[in-house]
Every structure is written in C-alpha cells, then in structure tokens.
Amino acid sequence: MSEAVCFCSEDGLKVTVEIAKCVQASAFIQLDIFQEYSFNAEEQLIFKIDFHTLVECLNMFEASGMSATVDMRMQGQGQPLLLMLEEDGVILDSSIRTQDPGEIADFSFGDDSVINKIILRSEFLKEILDELDTTSEFIGIELSGSYPFFRFFMSSRLGESEYQIEKTSDMIEHFDCKVRTAFRYRSEHLKHTIKAIAVSQKVSLRMDEKGLLCFQCMMKMDDGQICFVEFFCIQATNEDGGLAVIEPADEYTLPEPF
C-alpha cells in the first residue's frame, strides 16, 4: 500500500490503494466536501502518487491538534501535486512527484452481478470484527434467506467460533439475499476495513457469485456532509483454505438501502 492512484474529475476526487491485487480500498471525496473545487481538464485526470508521502504531508500539523486548511493543485498529467497547508498564519508548501497510473485492477461489480446485499449499523459490525479470533487465518461469511441469515465463522488452534445475526435485528436496515453464499476471506485482508468501519455510521455489504466482497462505509462529516470509503476483497482460493457455497435462497427485503 505504498502507492495510491488518484482520479480527479468534475464530480470530485477518488483515491484508491491496492494490496497484492487482493484488496482494493477507495475513498470518495465529493464536491460538497470541498470549500472550493475547480476542474478544468477535458477528461478525467488519473495519476499515481506515493501514498505515505501524501499522508505525511497532510499530517504535518496533526500534533497541534488543530485543523489546517489544505490547498491542492495540479497543472496537468505528469505534473507534480502541489500542496499548501495553512494554520494560524503558518504555511507549509509541498511538491509531490506523480507517475502514470499503470494497470489498475477492476474490482467493480458488473451489471446485476450483486446477489446479496445487507446494510447495517457500523458499531455492531465493528464489535463483531473486534471480537473475532485473531489467531484464525481465515474468516468465513455466510448469507442466507433462512437461518442463520448472516453469519461470521472461523476456526483456529483455539477452536471454532461464530457470530449469527437475525435478518430482523435492529442493527440491520436492509437485507436482500437472493442466493445462499458462504465464502472464506483472509483475516489479514479484512482487518484493513476496521478503522473505516469504526468512524462510519452505516456499512453496506455486497457480494457476487464469485465471492467478491465489498464493504461500503458511509461517513458523516462534522458539517453534516456525507462521504464514502469502499473496500473490495477477493475470497480465499480453495487451495489456501477457501470455501464456496452457492445455493438459491428466499428473498427478504427491507426498504431504504443506500
């Protein structure tokens, strides 16, 4: 996760990072988040940047405990990203080299490829992930239109454990299960979602028939604006402990998904 790919368009900014082509995380910063946003290019601007350098520059005033104003500019493809941070009259200028983005893995869902989707309150999902057996190499996720509905399961040298959630639980706002699915994912991959889930209000969990899993975290800023962070994770292969179960299931739907 040393590099990030930035997508700039008239709709806002998206920053994407990947881990070994197995996990992809994207932060969507929409127009309403910015105090001022100007995009003058004829087409989307895409570039690669050193992620750690970008974060270090943005956090230069973090120790003061105050929020700095950030001005980001770029003249065009191949040009450096210019940052100016200002706090109480103190100004920090940075210039970060950009590169061609190269090949970017496509983790997006195709049309009508999502077979199961649930939306739940984030604090509940965070509690589950925090309590998972950290010695387990894999975490299983099962979705079904009948009992046990929504289940996390794992096994390790300490034994087996699982967490079950009824589809009518107060923590679940939307439950749409067309097919019973059960897939395993590497614990080290899913742990990357925990920080985003912890600061979000809702999480949309989607899955396709190949086991591609997506966590979309909805976050509300201090001024009431909404932004999203999205994680895609591929299932573990059968060779390294994967499990694939796909069966028809009864559909049960609650309204108002996001």
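1. Let me start with the second largest pocket of this predicted model, which holds about 240 Å³ of space. Its lining counts 16 residues, and those nearest the centre are E3, V5, E18, K21 and K48. Two elements, β1 (3–9) and β2 (12–19), each give two or more residues to that lining. The top contributor is β2, with four residues.

2. Those two strands also belong to a wider arrangement. An open sheet is formed by 10 strands, with antiparallel pairing, and its order is β8-β4-β1-β2-β3-β17-β16-β15-β9-β13. At the edges you will find β8 (98–99) and β13, each of which pairs on one side only. As a reminder on such sheets, strands pair through backbone hydrogen bonds, either parallel or antiparallel.

3. Within that order, the step from β3 to β17 is worth a look on your screen. Strand β3 (residues 23–30) and strand β17 (residues 226–233) run antiparallel and are joined by six bridges. One pair to pick out is Q24, whose bridge partner in β17 is F232. F232 turns up again in a separate core of five residues, discussed in point 6.

4. At the β13 end of the sheet, strand β9 (residues 114–121) runs antiparallel to β13, and five bridges join the two. Here N116 faces C177 of β13. Is this edge strand mostly covered or mostly open? Strand β13 (residues 172–177) is mostly covered, with five of its six residues buried.

5. Now to the interior. The largest nonpolar core contains 54 residues, and F150, F152 and F215 have the most contacts inside it. Both domain 1 (3–99) and domain 2 (114–234) supply at least three residues to this core. That fits a general pattern: in soluble globular proteins, nonpolar side chains tend to be buried together.

6. F215 makes a good viewpoint for inspecting the packing. Setting aside neighbours within four places in sequence, F215 contacts L125, L190, T193, I197, V203, S204, L205, V229, E230 and F231. A second core, separate from the largest one, has five residues, including F107, L212, C214 and F232.

7. Finally, some overall figures for your notes. The protein has four helices and 18 strands. Of its 258 residues, 44% are buried. Among contacts with a separation of 6 or more, 62% are between residues 24 or more positions apart.

Note on methods
Residues numbered from 1 in each chain as written. Predicted model: local features only at pLDDT ≥ 70, side-chain atom pairs only at ≥ 80, totals over all residues. Heavy atoms only, no water. Core = buried A, V, L, I, M, F, W, Y, C linked by side-chain atoms within 4.5 Å. Buried < 20%, exposed > 50% of the residue type's maximum accessible area, 1.4 Å probe, protein only. Domains from an automatic or database assignment. Contact = heavy atoms within 4.5 Å. Pairing = 2+ DSSP bridges. 1 Å grid on protein atoms, 1.4 Å probe; cavity = no way out; pocket = protein on both sides within 12 Å on 5 of 7 lines; lining within 4 Å. Points joined across faces, edges and corners; volume = space filled by probe spheres on them.
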